[in-house]
Amino acid sequence: MSPHKIYKVSRYGKIEVVVDNRKVDVGEVEYVKVKTDVEVPTWVIKRKIPGNTIIYIHGGPWSEVDNSWNLLIAPLVLAGYNVIAPNYRGSTGYGSKFMFMNIGDAGGGDLRDVVKVRDYAIETGITNKVGIMGYSYGGYMTLLAVGKEPDKWDFGIAGAAVADWVEMYDLSDSLFRGFMEILFNGKNIDLMKERSPITYVRNVKVPLCIIHSQNDTRTPLNPVMRYIQELQRNGKTYEFHVIPNLGHAIYKVSDAIDILLPALIFLKKLEEQ
């Protein structure tokens with residue numbers, strides 16, 4: 001999974017190859033275990049020149065960040081950010097007990113793990129400014145984190161996020177309904193509502209960048225648009241980017257560019273403020 005090309009895209013859509021080799025220095029990589037009521041395996045990628053930090057939340061939730069090139073993480077590091085990627089409870093690769101810990105508790109213990117990793121970044125002096133970013137389930141965790149723990153973050157970037165589990169359940173096909181019934185240990189509408197970011201939208205304090213694909217059938221656009229309406233109604237600071245003709249999965253470099261470019265521009269504008 002080593003990189004062989006790094007691309008630069010202009011605001012007009014022109015794409016150039018700027019690095020074409022397999023020896024790209026993305027900083028110092030460290031593996032740590034952050035203690036909550038469990039041990040949270042965590043990758044810390046630190047720039048040689050200190051900078052702001054992004055807590056990167058992987059999707060799934062039954063997935064992981066491992067010691068390999070990551071198409072979403074690497075551009076953040078190359079753009080000058082420290083990136084900390086926790087494998088929160090529910091991640092794969094650490095045994096079935098750990099993986100099943102968020103069944104019936106989505107947005108509960110896994111969110112506590114993420115917040116503790118954020119606190120670790122502050123306490124160890126890695127950064128004094130930290131944001132949160134994720135795609136799919138990571139996007140969900142991002143929106144939930146800035147609503148339930150609004151004082152912990154300086155910004156948030158959510159891609160392909162779940163904003164409302166209840167509305168998602170009504171919109172989803174039988175396969176994804178089955179996934180939600182496993183994740184919430186049954187058709188637990190009350191828990192779905194309690195763990196939905198839209199329930200906490202009034203608490204949001206930090207700038208948000210929300211990126212969603214127009215043709216996403218896994219996490220449909222409509223609930224996110226309703227979340228955006230609530231942000232607007234409550235006078236929150238946000239950007240909303242809808243990517244046309246793209247679904248949920250990122251298959252090509254051009255797909256990743258469509259997702260990452262608004263995020264990188266958002267981060268650059270924050271630095272300039």
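This section describes the internal cavities and the aromatic contacts of a predicted model.

A search of the whole structure returned two cavities of 30 Å³ or more. The largest cavity has a volume of about 70 Å³. Its lining draws on Leu 72, Met 133, Gly 134, Tyr 135, Ile 157, Ala 158, Gly 159, Ile 211, Ile 259, Leu 260 and Ala 263. Three secondary-structure elements, namely strand S7 (130-135), strand S8 (156-159) and helix H9 (253-272), each contribute at least two residues to this lining. In composition, the lining of the largest cavity comprises nine nonpolar residues and two polar ones, with no charged residue. Because Gly is counted as polar, Gly 134 and Gly 159 belong to the polar part of this lining.

The second largest cavity has a volume of about 40 Å³. Asn 52, Tyr 81, Lys 129, Phe 155, Leu 267, Leu 270 and Glu 271 form the lining of this second cavity. Here the lining residues divide into four nonpolar, one polar and two charged. Since Lys and Glu count as charged, the charged residues of this lining are Lys 129 and Glu 271.

Aromatic contacts were also examined. The structure holds eight aromatic pairs. One aromatic cluster is formed by Tyr 88, Tyr 137, Tyr 140, Trp 165 and Phe 184. In addition, a charged side chain is placed over an aromatic ring: Arg 177 lies over the face of Tyr 169, at 4.9 Å from the ring centre.

Terms used:
Residues are numbered from 1 along each chain as its sequence is written. This is a predicted model: local features need pLDDT of at least 70, side-chain atom pairs count only at pLDDT 80 or more; totals for chains, interfaces and linings use all residues. Side-chain values use heavy atoms; hydrogens and water are left out. Rings of Phe, Tyr and Trp (its six-membered ring) pair if their centres lie within 6.5 Å; planes under 30 degrees apart count as stacked, over 60 as edge-to-face and the rest as tilted. A charge sits over a ring if NZ of Lys or CZ of Arg is within 6 Å of the ring centre and within 35 degrees of the ring normal. On a 1 Å grid over the protein atoms alone, a cavity is a set of points where a 1.4 Å probe fits but cannot get out, and a pocket is an open set with protein on both sides within 12 Å along at least five of seven lines; lining residues have an atom within 4 Å of a point. Grid points are joined across faces, edges and corners, and a volume is the space filled by probe spheres set on the points. Helices (H or I, at least four residues) and strands (E, at least two) are DSSP runs, numbered from the N terminus.
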